[in-house]
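Dear colleague,

I am handing over the structure below, and I would be glad if you kept it open while you read the notes that follow.

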Amino acid sequence: MKCENTNTLGFLLHDATRLIRRRFELRGQAFGLSSAQWRLLVHLVREGSASQARIAELLEIEPISVSRLVDRMEQAGWVERGTDPNDRRVRLLRPSERAVGAFAEVKAVAGEIYEQALEGLSAEEREILMRGLALVTANLTKTECAEAEQADMKGSAA
């Protein structure tokens with residue numbers, strides 16, 4: 001059986017993401033954070049607060065998984081839960097003082113990992129790579145939105 005070429009966009013993106021995630025896992029252990037917890041923390045610090053449903057959407061995981069993730073992070077002192085002043089049914093998450101205090105250090109570690117990943121690329125090549133990936137993301141997002149609209153229209157017509 002002949003092996004297929006794995007130097008395709010999908011394989012390269014997947015492998016790069018997997019390796020970056022693995023580095024985050026290793027480096028995050030020093031903080032007591034998994035890569036999923038790290039990503040949750042970044043979103044919370046950026047947004048200030050967010051509902052668990054919003055975090056599930058951002059992390060692309062099921063709400064029950066977010067709940068378990070948040071349970072562990074709350075016990076470790078990374079996040080705080082509260083109620084939404086406009087809707088008591090909604091649970092808001094916010095970064096704890098510990099999280100806000102550690103964010104700069106965590107961000108510096110992320111910068112080191114990204115620098116390792118981009119080693120050997122000139123500033124111009126890095127810019128081209130980032131613009132290219134942004135365009136790929138925009139193209140796929142646009143396509144995904146159009147497909148979702150079509151599905152909604154078909155569902156409405158039925």
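**Salt bridges, sheet and rings**

Applying a distance rule between charged side chains gives a count of 10 salt bridges; please bear in mind throughout that this is a predicted model.

Among these salt bridges, the side chains of E74 and R81 meet with an N to O distance of 2.7 Å. The two partners fall into separate accessibility classes, because E74 has a relative accessibility of 33% and is therefore partly exposed, while R81, at a relative accessible area of 18%, is buried, the cut-off for buried being under 20%.

A further salt bridge joins R94 and E80, whose closest N and O atoms are 3.4 Å apart. This pair links distant parts of the chain, with R94 in strand β3 (residues 87-95) and E80 in strand β2 (residues 79-84), 14 residues apart. R94 is partly exposed, with a relative accessible area of 35%, and E80 likewise counts as partly exposed, at 34% relative accessibility.

R131 and E127 also form a salt bridge, with 3.7 Å between the closest N and O atoms. Both belong to helix α6 (residues 123-157), where they are 4 residues apart and therefore separated by about one helical turn; E127, at 42% relative accessibility, is partly exposed. Elsewhere, E47, R54 and E57 are joined into one network by salt bridges that share partners.

Turning to the sheet, 3 strands make up an open sheet in the order β1-β3-β2, with antiparallel pairing. The edges are taken by β1 (50-51) and β2, each of which has a single partner strand, so one side of each has no neighbour in the sheet. The antiparallel pairing of β2 and β3 extends over 6 bridges, and these two strands form a hairpin with 2 residues between them; D84 stands opposite D87 in β3.

Two helices lie across these strands. Helix α2 (residues 35-47) lies across β1, β2 and β3 and runs at about 105° to β3, whereas helix α4 (residues 63-75) lies across β2 and β3 and runs at about 120° to β2.

As for the aromatic side chains, the count comes to 3 aromatic pairs. One of them is formed by F24 and W38, which meet edge-to-face at 4.7 Å centre to centre, with 90° between the planes. This pair links distant parts of the chain, since F24 is in helix α1 (residues 9-28) and W38 in helix α2, 14 residues apart, and both F24 and W38 are buried.

F24 also pairs with Y114: their ring centres are 5.8 Å apart and their planes stand at 65°, so this pair is edge-to-face. Because F24 lies in helix α1 and Y114 in helix α5 (residues 97-118), the pair ties together parts that are 90 residues apart in sequence. Here F24 is buried at 10% relative accessibility, whereas Y114 counts as partly exposed at 42%. Ring pairs link F24, F31, W38 and Y114 into a cluster.

What sits over the ring of W78? The charged end of R98 takes that position, 3.9 Å from the centre of the ring.

With best regards

Note on methods:
Residues are numbered from 1 along each chain as its sequence is written. This is a predicted model: local features need pLDDT of at least 70, side-chain atom pairs count only at pLDDT 80 or more; totals for chains, interfaces and linings use all residues. Side-chain values use heavy atoms; hydrogens and water are left out. A salt bridge is a side-chain nitrogen of Lys or Arg within 4 Å of a carboxyl oxygen of Asp or Glu. Buried means under 20% relative accessible area, exposed over 50%, partly exposed in between (1.4 Å probe, protein chains only). Two strands pair if DSSP finds at least two bridges between them. Contact means heavy atoms within 4.5 Å. Axes are lines fitted to C-alpha atoms, for helices over the stretch in contact, and angles run from 0 to 180 degrees between N-to-C directions. Rings of Phe, Tyr and Trp (its six-membered ring) pair if their centres lie within 6.5 Å; planes under 30 degrees apart count as stacked, over 60 as edge-to-face and the rest as tilted. A charge sits over a ring if NZ of Lys or CZ of Arg is within 6 Å of the ring centre and within 35 degrees of the ring normal.
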